[in-house]
Amino acid sequence: MAIMTTTSSLAFLPVLERIAEEISRTPGRGRPADYIPALAACDPRSFGMAVAELDGTVYGVGEWRQPFSTQSITKVFTLALDLAREGDELWEHVGREPSGNPFNSLVQLEYENGIPRNPFINAGALVVTDRLQTRTGDAAGELLSFLRAESGNPALDFDREVAASETAHGDRNAALAHFMASYGNIDNDVPALLDQYFRQCSIAASCADLALATGFLARHGIRADGSRLLTRSQAKQVNAVMLTCGTYDAAGDFAYRVGLPGKSGVGGGIIAVVPGRCTLCVWSPGLDERGNSVAGVAALDRFTTLTGLSVF
């Protein structure tokens, strides 16, 4: 059932209802991320979608108030928080190019001397988390406080079961971190960094929470309280990297089909930004072979097709 909070949502509400109805009839919804045991039991046919307007109006369809594991979606917010603190110096430690390889690949790091291709593959996110940890002393806590403030939901929290599950199966992330540390691109002790990284990925939030929390990117860097987090140029940079790198090695196909900056997570969520207009979050835990929500990509594809909203 769709819920409308103000009359300004009338333009989008029929679109969301139509998308939800179409998705409900779609077979072949992918499989949950079974390599993280805490996520393996999710129902791949679950679906929720929310839209948040610039003034904080939020509305949605399906299970749009159901919390889910945010996973790599949080990398967008960690990037923004660190970029706000250190500016362009960050880009000396992590690149801005699509990887073309799986999100947890070790291969490119050796060729490129421990500098990850972009902030959204695991190696790049570890570097960004490491740098935010150096500047704040608690990168995961800083992230959680930001998400609570922007979403207006003080109940957001880490999911200890998911964090423990990732820690128990985190050997490849540990290998990435140790390898980059050997090149001098990690400052903190690797076990402490991994704890921060797994905690940030474990945050549970709903489509409504994440659509609201992403709003600063549609407002060109302005937070929900009217203060500025990023310069207009920095907000453009984050949106650009989302467009080119935000859906692992399927970013080209996502740009082709959806035409919006987006970031996916293996929990089945995807956030997307229509600069100057609105932000979206869609969730369905069935993934394709590249780690993106099958129904989520399809829903965003239909949204931009039906509304004509894209960055192109």
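**Strand E1 and its surroundings**

Let me start with strand E1, where both faces are covered: Gly 48, Ala 50 and Ala 52 on one side are buried, and so are Met 49, Val 51 and Glu 53 on the other. Counted over the strand, 6 of its 6 residues are buried. Before I go on, please keep in mind that this is a predicted model.

What lies around E1? The strand belongs to an open sheet of 5 strands, in the order E2-E1-E7-E6-E5, and the pairing is antiparallel. The edges are taken by strand E2, residues 58-62, and strand E5, residues 262-264. Each of these two has a single partner strand, so one side of each has no neighbour in the sheet. From one strand to the next, the twist averages 10 degrees.

Now the two partners of E1, beginning with E2. E1 and E2 are antiparallel and are joined by 5 bridges. One residue pair you can look up is Gly 48, which stands opposite Gly 62 in E2. The two strands form a hairpin, with 4 residues between them. In that turn, Gly 56 has a positive phi of about 95 degrees.

On to E7. Strand E1, residues 48-53, and strand E7, residues 278-283, run antiparallel and are joined by 6 bridges. Val 51 is placed opposite Leu 280 in E7, and Ala 52 has Thr 279 as its bridge partner there.

Which helix packs on the sheet and touches E1, E6 and E7? That is H14, and its direction makes about 145 degrees with that of E7. Helix H1, residues 13-24, lies across E1 and E2 and runs at about 20 degrees to E2.

I will stay with H14 for one residue. Asp 301 sits in this helix, which covers residues 294-307. Is Asp 301 buried or exposed? Its relative accessible area is 18%, and because the cut-off for buried is under 20%, Asp 301 counts as buried. Its side chain makes a polar contact with the side chain of Arg 257, at 3.2 Å. If we leave aside neighbours within four places in sequence, Asp 301 is in contact with Arg 257 and Val 258.

Last, a pocket. The second largest pocket has a volume of about 200 Å³. It is lined by 16 residues, and the closest to its centre are Leu 39, Cys 42, Pro 67, Phe 68 and Ser 69. Helix H2 (37-40), strand E3 (68-69) and helix H7 (160-168) each supply at least two residues of that lining.

Notes
Residues numbered from 1 in each chain as written. Predicted model: local features only at pLDDT ≥ 70, side-chain atom pairs only at ≥ 80, totals over all residues. Heavy atoms only, no water. Buried < 20%, exposed > 50% of the residue type's maximum accessible area, 1.4 Å probe, protein only. Polar contact = N/O pair within 3.5 Å; in protein donor to acceptor, adjacent residues only side chain to side chain. Contact = heavy atoms within 4.5 Å. Pairing = 2+ DSSP bridges. Axes fitted to C-alpha atoms, helices over the stretch in contact; angles between N-to-C directions. 1 Å grid on protein atoms, 1.4 Å probe; cavity = no way out; pocket = protein on both sides within 12 Å on 5 of 7 lines; lining within 4 Å. Points joined across faces, edges and corners; volume = space filled by probe spheres on them.
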